[in-house]
Amino acid sequence: MHTAINLRERTANVQGFWNPEHLLTLDQSHSLKIANVKGGFIWHSHPNTDEMFYCVSGGPLRMELCTTAKTPQDAEKTGPDEVVVLNVGDVFSVPRGMQHRPVAENETGIMMIEKVGTVNTGDREGDERTVYVDEKV
């Protein structure tokens with residue numbers, strides 16, 4: 001049976017913060033995930049994929065970018081040199097390999113689109129915040 005998914009309802013039911021859940025898979029290659037976020041995440045990048053963010057609820061979501069950093073440690077030292085602000089309904093794609101750090105002062109529901117198998121902590125896989133999502137490909 002085919003049914004629509006209401007993003008606001010689904011994100012409202014996600015437990016905790018920074019705990020992504022699988023929503024659906026496209027062409028067995030890209031995963032749509034949802035999460036609720038609050039506070040700041042860690043600096044990281046995804047060397048093999050762009051990562052798209054859509055602000056579903058709450059907000060704003062601040063995407064801090066360090067365009068000159070090659071590693072998360074460099075980004076931590078340097079800090080952001082660009083900040084993109086997403087309000088509800090806004091979408092932004094972080095380019096492959098760019099060090100970034102999402103930050104939300106208020107509880108914010110987000111949807112992410114990325115390649116199947118991508119972990120939330122990217123090049124910092126194994127960090128205490130790493131979540132392995134069953135993408136049911």
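# His44, a cavity and two cores

Student: At 2% relative accessibility, does His44 count as buried or exposed?
Tutor: This is a predicted model, and what follows is computed from it. Buried means under 20% relative accessible area. His44 has 2% relative accessibility, so His44 counts as buried.

Student: Where is His44 found, and how many Å separate its C-alpha atom from that of Asp74?
Tutor: His44 is in the loop between β2 and β3. Asp74 is 30 residues away from His44 along the chain. The C-alpha atoms of the two residues are nevertheless separated by 10 Å.

Student: Leaving aside neighbours within four places in sequence, which residues is His44 in contact with?
Tutor: Several of the contacts have higher numbers than His44, and among them is the run Asn120, Thr121, Gly122, Asp123 and Arg124. The rest of the list is Glu51, Pro72, Met98, Gln99, His100 and Pro102.

Student: What volume does the largest cavity have?
Tutor: Rolling a probe the size of a water molecule over the atoms shows where empty space is left. A search of the whole structure gives one cavity of 30 Å³ or more. Its volume is about 100 Å³.

Student: Which strand gives the largest share of the lining of the largest cavity?
Tutor: His44 is one of the lining residues, and so are Glu51, Pro102 and Asn120. β2 (30-40), β3 (51-57) and β7 (99-115) each supply at least two residues of the lining. The largest share is three residues, and the strand that gives them is β7.

Student: By class, how many residues of that lining are nonpolar, polar and charged?
Tutor: The lining includes Trp18, Pro20, Val37, Phe41 and Phe53. Counted by class, the lining has nine nonpolar, two polar and one charged residues.

Student: Which residues of the largest nonpolar core touch the most other members?
Tutor: In soluble globular proteins, nonpolar side chains tend to be buried together. Here the largest nonpolar core has 17 residues, and those touching the most other members are Phe53, Leu61, Met63, Val94 and Ile110.

Student: Which elements give two or more residues to this core?
Tutor: Phe53 and Leu61 are among the core residues that touch the most other members. The elements giving two or more residues are β2, β3, β4 (61-66), β6 (91-94) and β7.

Student: Which residues are among those of another core that lies apart from it?
Tutor: This other core has six residues. Among them are Leu23, Ile34, Val56 and Met111.

Student: Which peptide bond is cis?
Tutor: Most residues other than glycine have a negative phi, and most peptide bonds are trans. Pro60 sits in the loop between β3 and β4. With omega near 0°, the cis bond is the one from Gly59 to Pro60.

Student: Trp18 and Gln28 each have a positive phi; which counts as buried, and which as exposed?
Tutor: Trp18, with a phi of about 60°, lies in the loop between α1 (7-12) and β1 (21-26). Gln28, with a phi of about 55°, is in the loop between β1 and β2. At 13% relative accessibility Trp18 counts as buried. At 63%, the residue that counts as exposed is Gln28.

Student: Which feature does UniProt place at residues 29-123?
Tutor: In the model the span 29-123 is 7% helix and 53% strand. Its end C-alpha atoms lie 20 Å apart. The feature, from an unreviewed UniProt entry, is "domain: Cupin type-1".

Note on methods:
Residues are numbered from 1 along each chain as its sequence is written. This is a predicted model: local features need pLDDT of at least 70, side-chain atom pairs count only at pLDDT 80 or more; totals for chains, interfaces and linings use all residues. Side-chain values use heavy atoms; hydrogens and water are left out. UniProt positions are given in the numbering used here, feature names are shortened, and annotations may be inferred rather than shown by experiment. Helices (H or I, at least four residues) and strands (E, at least two) are DSSP runs, numbered from the N terminus. On a 1 Å grid over the protein atoms alone, a cavity is a set of points where a 1.4 Å probe fits but cannot get out, and a pocket is an open set with protein on both sides within 12 Å along at least five of seven lines; lining residues have an atom within 4 Å of a point. Grid points are joined across faces, edges and corners, and a volume is the space filled by probe spheres set on the points. Ala, Val, Leu, Ile, Met, Phe, Trp, Tyr, Cys and Pro count as nonpolar, Asp, Glu, Lys and Arg as charged, and the others, Gly among them, as polar. A nonpolar core is a set of buried Ala, Val, Leu, Ile, Met, Phe, Trp, Tyr and Cys residues joined through side-chain atoms within 4.5 Å. Buried means under 20% relative accessible area, exposed over 50%, partly exposed in between (1.4 Å probe, protein chains only). Contact means heavy atoms within 4.5 Å.
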